[in-house]
Amino acid sequence: MSESAHIPVLMDEVLAALDPKPGQTLVDCTAGLGGHSSRIAQRLGPSGRVVLFDLDAGNLARATETVGVALGDPARVVPIHRSFAWVERELAQRGITGDLLLADLGFASNQMDDPQRGFSFRQDGPLDMRLDPSGPVTAADLIAQLPERELADLIFRYGEDRLSRRIARTIVEERQKQPMSTTGRLASVVEQAYPPAARRGPIHAATRTFQALRIAVNDEIGNLESLLAAIVRQSESHEWLSAGARVAIISFHSLEDRPVKQAFAQLASSERARLIHRKPVFASEGEIARNARSRSARLRALELL
Ligand SMILES: C[S@@+](CC[C@H](N)C(=O)[O-])C[C@H]1O[C@@H](n2cnc3c(N)ncnc32)[C@H](O)[C@@H]1O
């Protein structure tokens with residue numbers, strides 16, 4: 001497998017939850033390399049349509065091509081290089097109504113594996129972390145500019161690291177000596193902030209700080225909340241999702257799963273949607289053995305009424 005491959009997680013479970021039918025319109029909020037969308041597109045056929053969102057223009061282009069082939073009519077793929085936070089406006093402007101909506105949150109393996117993107121502390125590279133490389137703020141900007149208190153709050157809120165204050169203090173001390181512009185340097189500074197005993201834990205000391213910066217650089221929780229608010233509004237007006245539309249969201253940590261769970265519960269309790277699963281669906285042991293990334297994936301799905 002090439003370095004930049006991305007294996008779609010919970011593929012069979014997504015197909016079962018969305019139950020795609022010929023001629024339907026899929027809105028894939030996170031095209032990635034088009035893995036999920038291609039499989040779904042094969043069921044939609046050439047009378048179907050696929051709208052693809054991605055912040056990463058490179059991924060969007062690759063997904064557009066792959067999904068066009070899978071659908072059997074490239075002209076029925078609609079690529080949109082914008083955050084899925086804008087899904088409502090982008091679909092309404094084009095007069096498109098979706099029957100199926102998928103969001104497979106976070107980053108794709110090819111983004112994580114490319115040291116130049118700066119997502120990984122395992123390989124040295126520029127401290128970037130933008131999903132959209134034309135976006136305004138990099139992780140290096142946040143590290144250079146945030147006051148210590150805000151840095152600590154960010155690492156606590158988005159990284160859930162109890163050592164956030166120590167980490168922020170060490171970062172501020174170190175950035176005064178020399179600007180911090182690489183993933184390797186940040187990783188070693190965070191490690192330095194950890195007491196030696198805590199460094200021996202099951203995950204690398206920098207894991208949570210890197211997660212926090214990535215979430216902040218890309219406003220991941222804000223984007224997700226906008227998408228969920230649009231789905232909740234939609235359940236009353238059916239302007240860009242049809243009545244009976246199915247929605248599936250895959251999240252990778254509790255910060256993402258919490259707002260999804262709450263929005264879905266709100267829709268179900270007001271009888272505007274039916275939950276497809278009572279509990280989130282996790283990857284099987286077999287899938288986890290084949291694809292370690294699926295270990296933390298959880299799928300929630302609903303049908304709008
Ligand atoms: C986990 S990958 C999706 C993989 C895809 N399901 C597949 O099977 O190939 C997530 C993708 O969503 C994109 N992304 C993340 N947040 C986004 C947002 N707010 N709006 C649009 N795309 C986003 C990332 O750039 C990345 O390509």
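In this predicted model, a convenient place to begin is Gln 178, which sits in the loop that links helix H8 (164–177) to helix H9 (183–193). Gln 178 is exposed, because 8 other C-beta atoms lie within 10 Å of its own, and a residue counts as exposed when that number is 12 or fewer. From Gln 178 one can look across to Gly 35, 143 residues away along the chain, and the C-alpha atoms of these two residues are separated by 42 Å.

The domain assignment helps to place these positions, since it gives domain 1 (11–110 + 220–304) and domain 2 (133–217). The centres of domain 1 and domain 2, taken over C-alpha atoms, are 31 Å apart. Another exposed position is Pro 136, found in the loop between helix H5 (109–113) and helix H6 (139–145); Pro 136 is classed as exposed because it has 8 other C-beta atoms within 10 Å. Although Pro 136 and Asn 218 are separated by 82 residues in sequence, the distance between them in space, C-alpha to C-alpha, is 9.7 Å.

Next comes the interior. The largest nonpolar core has 87 residues, and those that touch the most other members are Cys 29, Leu 52, Leu 102, Leu 227 and Ala 248. Residues of both domain 1 and domain 2 belong to this core, and therefore the core lies between the two domains. In soluble globular proteins, nonpolar side chains tend to be buried together. Cys 29 shows what such contacts involve: once neighbours within four places in sequence are set aside, Cys 29 is in contact with Phe 53, Phe 84, Val 87, Leu 101, Leu 102, Ala 103 and Leu 227.

Strand E5 (residues 241–251) can be followed next, and 8 of its 11 residues are buried, so the strand is largely enclosed by the rest of the structure. With strand E4 (residues 98–104), E5 pairs in the parallel sense over 6 bridges, and Asp 104 stands opposite Ile 250 of E5. With strand E8 (residues 298–304), E5 pairs in the antiparallel sense, again over 6 bridges, and here Ser 251 has Arg 298 in E8 as its bridge partner.

Asp 104 leads on to the ligand, around which there are 22 residues, and the ones that come nearest are Pro 8, Thr 30, Gly 32, Gly 35 and Asp 104. Gly 35, already met as the distant counterpart of Gln 178 at 42 Å, is thus one of the residues that come nearest to the ligand. By character, the shell around the ligand is made up of 9 nonpolar, 10 polar and 3 charged residues.

Two details of the backbone complete the walk. Most residues other than glycine have a negative phi, and most peptide bonds are trans. Leu 10, in the segment before helix H1 (11–18), has a positive phi of about 50° although it is not a glycine, and Leu 10 counts as buried because it has 23 C-beta neighbours inside 10 Å. Met 129, which belongs to the loop between H5 and H6, likewise has a positive phi, here of about 70°, without being a glycine. Met 129 also counts as buried, because 25 C-beta neighbours lie inside 10 Å, where 20 or more are needed for a residue to be called buried.

Methods. Residues numbered from 1 in each chain as written. Predicted model: local features only at pLDDT ≥ 70, side-chain atom pairs only at ≥ 80, totals over all residues. Core = buried A, V, L, I, M, F, W, Y, C linked by C-beta atoms within 7 Å. Domains from an automatic or database assignment. Contact = placed C-beta atoms within 7 Å. Near = placed C-beta within 6 Å. Nonpolar A, V, L, I, M, F, W, Y, C, P; charged D, E, K, R; others polar. Helix = DSSP H or I, 4+ residues; strand = E, 2+ residues; numbered from the N terminus. Pairing = 2+ DSSP bridges.
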